[in-house]
Every structure is written in C-alpha cells, then in structure tokens.
Amino acid sequence: MTPAHSLRQRLSDGLFSMVAGPEGPAARERIHTTPGERWHAPGSPIHRVHGDASMYVGGIRALLLQSLHPLAMAGVDDFSDFRQDVWGRLARTSTFLADTTFGTVEHAERAVEIVRAVHRRISGTAPDGRPYRADDPHLLTWVHVAEVDSFLTAHQKFGARPLTDAECDTYVEQSSGVALRLGAEDVPTTRAGLAAALEAFRPELESTPAARDVARFLLRDAPLPWVAKPPYAVLCRGAVATLPRWAREPLRLKDSPRLDRTLGRAAGQASTRALRWLNDAQPAPTVTPHL
C-alpha cells in the first residue's frame with residue numbers, strides 16, 4: 001500500500017466511523033449482504049441519490065429547512081440531545097436511511113417500526129402554546145418533504161450522475177413509501193408535487209430562536225476537530241447555497257445570489273468530489289439481490 005493510498009484509507013475510515021458510528025461496519029455488512037427481498041432494485045434512482053456523496057450537502061440543507069417549522073422544532077428542542085450526541089444521532093439517521101434504501105424488507109420494516117415507536121412517545125407544547133406530537137401525520141409530511149427536496153436538490157447540483165426528469169419523479173415516488181409507513185399523509189410522488197408541497201408549507205414556517213440556534217450550531221459550532229473545520233465550512237457553504245431564497249432571512253443567513261452561483265457552487269462541487277474520493281475507498285459489500 002502506497003503512503004497516499006494509506007492516508008486515503010485512514011481518512012476514509014475516520015469519516016465512515018464518524019458518520020456511521022462504532023457499529024457502522026457491522027451494520028453495513030448486514031444491510032448489504034443479508035439475502036432477501038428489498039424495496040428497491042439496485043441502481044434505481046433512490047439508490048443513486050442516497051448512495052452519493054451529495055447526501056452530505058443534502059443532509060445539512062434538510063436540517064436547516066426542517067428547523068423552520070416551529071412545531072417540528074419544538075419536539076427537537078424538547079426531546080433531542082443532538083447538541084450533546086451529534087455523531088450518535090447522525091449514525092442512527094444514516095443507518096435508518098441505509099436500512100430503508102438498501103436493506104432487506106425485514107430490516108427496513110423493523111427500522112420503520114423502531115422510529116414509529118419513538119415518535120409515539122414524543123409530545124408536548126410549543127413555546128407559542130400549540131400542542132405537538134412527533135407522530136402527527138402533517139408534521140411527518142413536512143419532515144419528509146424537506147428531506148426529499150434537499151436530497152434531490154443536492155444530488156441534481158453536485159451528484160456524480162444527476163437524474164433525468166423521469167428519474168426525479170421515480171425518486172420522489174420511491175421515497176414516499178417510507179414516509180407513508182411512518183404515518184405521513186398526502187405525500188408527493190412527483191417532483192412537481194414535491195415543489196407544490198414545499199410551497200404549501202411556507203405559511204407555517206417562521207423564524208424562531210430554536211431555528212436560529214440550530215443554524216448557528218450546524219454552521220458554526222458543530223463539534224469537530226480543528227483539522228476538520230475548514231472542509232466542513234466548505235461543505236456548509238455548498239449546503240447554504242442550495243437553500244431557497246425565502247429560507248435565508250428567517251435563519252439569519254446572508255442572501256447572496258451571485259456568491260451562491262459562484263463560490264457556493266464551487267464549494268459544493270469541491271466538497272462532494274473530495275467526499276466521493278474518500279467514500280470510494282469504502283466500497284459497499286457485494287450484494288446478491290433477491291427481488
């Protein structure tokens with residue numbers, strides 16, 4: 001092994017450990033090699049999107065966008081320990097996405113039921129006095145819409161193989177299955193429907209101290225070793241550049257269209273290429289599909 005290859009492997013191992021957690025290697029082996037029927041065929045649009053390095057950009061964008069719904073944010077603020085357990089939460093989320101995208105039907109259904117059980121235990125009152133429940137179908141739809149719009153937007157801008165228009169519709173339709181199983185309602189199944197759903201939620205979105213705190217934490221105060229802070233800042237610049245214009249002011253983010261088209265685009269492309277280079281040193285185990 002050459003010194004350059006050794007360095008790449010060490011960096012790749014460190015990134016995978018951070019994202020997937022200590023159980024990541026075992027979970028990856030289980031997800032990709034367990035025989036059985038799967039929800040999605042290899043190479044399908046959802047595999048291409050969720051398996052691409054652009055998901056790092058899409059994930060940051062999704063969290064920023066989701067925070068603008070005060071009821072969804074109230075549940076996170078009251079019950080989530082994401083500030084103290086950032087990497088544990090990231091590992092659980094990435095494992096859920098992997099299970100429901102690449103895993104067997106049995107593993108995917110079990111992952112969904114675990115999340116549903118957690119949601120049933122979460123309820124409370126938002127700062128504005130409104131009650132909320134994590135299993136509220138309307139809130140689940142918001143979380144789903146913000147995620148899928150973010151993942152697809154990041155992939156189309158920075159993915160290795162952007163989808164065609166027809167494949168975008170297929171991706172939105174494939175993604176809807178998990179949302180419906182989690183209890184969401186009126187879930188979009190086309191890209192046009194996704195855009196319409198996002199627009200329909202806009203009157204419910206607002207700037208709150210909790211949302212601004214999430215943005216500050218994600219973009220400035222994420223607990224990272226000093227050596228990782230500069231590349232993470234580049235990644236965040238790419239994520240912010242993909243946000244809708246109307247989402248900037250509520251999160252106290254600068255709205256700079258020209259910078260988004262130049263610096264932001266370059267940041268997103270550079271960060272995803274670097275992450276893809278590292279991810280390629282961690283090839284998924286060979287899958288024997290049973291479809």
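I took the expected span of a helix as 1.5 Å times one less than its number of residues. I then applied this to helix α7 (residues 105–120) of the present model, which is predicted.

**Entry 1: helix α7.** I counted 16 residues in α7, for which the expected span is 22 Å. The C-alpha atoms at the ends of α7 are 22 Å apart, and therefore the model agrees with the expectation. I next looked up burial along this helix and noted V105, H107, A108, A111, V112 and H119 as its buried residues.

**Entry 2: the chain as a whole.** I recorded 13 helices and 2 strands in the protein chain. Of its 291 residues, 47% count as buried. I also looked at contacts between residues at least 6 apart in sequence, and 75% of these join residues at least 24 apart.

**Entry 3: α8 against α9.** I described this pair by angle and distance, as is done for two packed helices. The axes of α8 (residues 137–158) and α9 (residues 165–182) come within 10 Å, and they cross at roughly 150°. Angles over 145 degrees count as roughly antiparallel, and α8 and α9 are therefore assigned to that class. I noted the crossing of α8 and α9 as right-handed. By class, the contact of α8 with α9 has 9 nonpolar and 4 polar residues, and no charged ones. From α8 I listed L140, H144, V148, F151, L152 and Q156. Their counterparts in α9 are C168, Y171, V172, S175, S176, A179 and L182.

**Entry 4: V49.** I located V49 in helix α3 (residues 45–50). V49 has 0% relative accessibility and therefore counts as buried. Leaving aside residues up to four places away in sequence, I found that V49 touches M55, F151, H155, L163 and Y171. Two of these names were already in my notes, since F151 in α8 and Y171 in α9 belong to the contact of those helices. I also looked up the separation of V49 from T101: they are 52 residues apart along the chain, and their C-alpha atoms are separated by 10.0 Å.

**Entry 5: α4 against α12.** The axes of α4 (residues 55–66) and α12 (residues 229–241) come within 8 Å and cross at roughly 65°. I recorded this crossing, too, as right-handed. On the α4 side I listed Y56, V57, I60, R61 and L64, which meet Y232, L235, C236, G238, A239 and V240 in α12. Sorted by class, the contact of α4 with α12 has 9 nonpolar residues, 1 polar and 1 charged.

**Entry 6: A215.** I placed A215 in helix α11 (residues 209–219). Its relative accessibility is 2%, and A215 therefore counts as buried. Residues up to four places away in sequence aside, A215 touches L64, R220 and L251. Of these, L64 is also listed in α4 among the residues that meet α12. The C-alpha atoms of A215 and L65 are separated by 9.4 Å, although the two residues are 150 residues apart along the chain.

**Entry 7: helix α5.** I closed with α5 (residues 70–79), in which P70, L71, A72, M73, A74 and G75 are buried. Which elements do the buried residues of α5 pack against? I noted α4, β2 (131–133), α8 and α11. Three of these helices appear in earlier entries: α8 in its crossing with α9, α4 in its crossing with α12, and α11 as the place of A215.

Notes. Residues numbered from 1 in each chain as written. Predicted model: local features only at pLDDT ≥ 70, side-chain atom pairs only at ≥ 80, totals over all residues. Heavy atoms only, no water. Axes fitted to C-alpha atoms, helices over the stretch in contact; angles between N-to-C directions. Helix = DSSP H or I, 4+ residues; strand = E, 2+ residues; numbered from the N terminus. Parallel < 35°, antiparallel > 145°, perpendicular 65-115°, else oblique. Left-handed = near helix turned anticlockwise from the far one by under 90°. Contact = heavy atoms within 4.5 Å. Nonpolar A, V, L, I, M, F, W, Y, C, P; charged D, E, K, R; others polar. Buried < 20%, exposed > 50% of the residue type's maximum accessible area, 1.4 Å probe, protein only.
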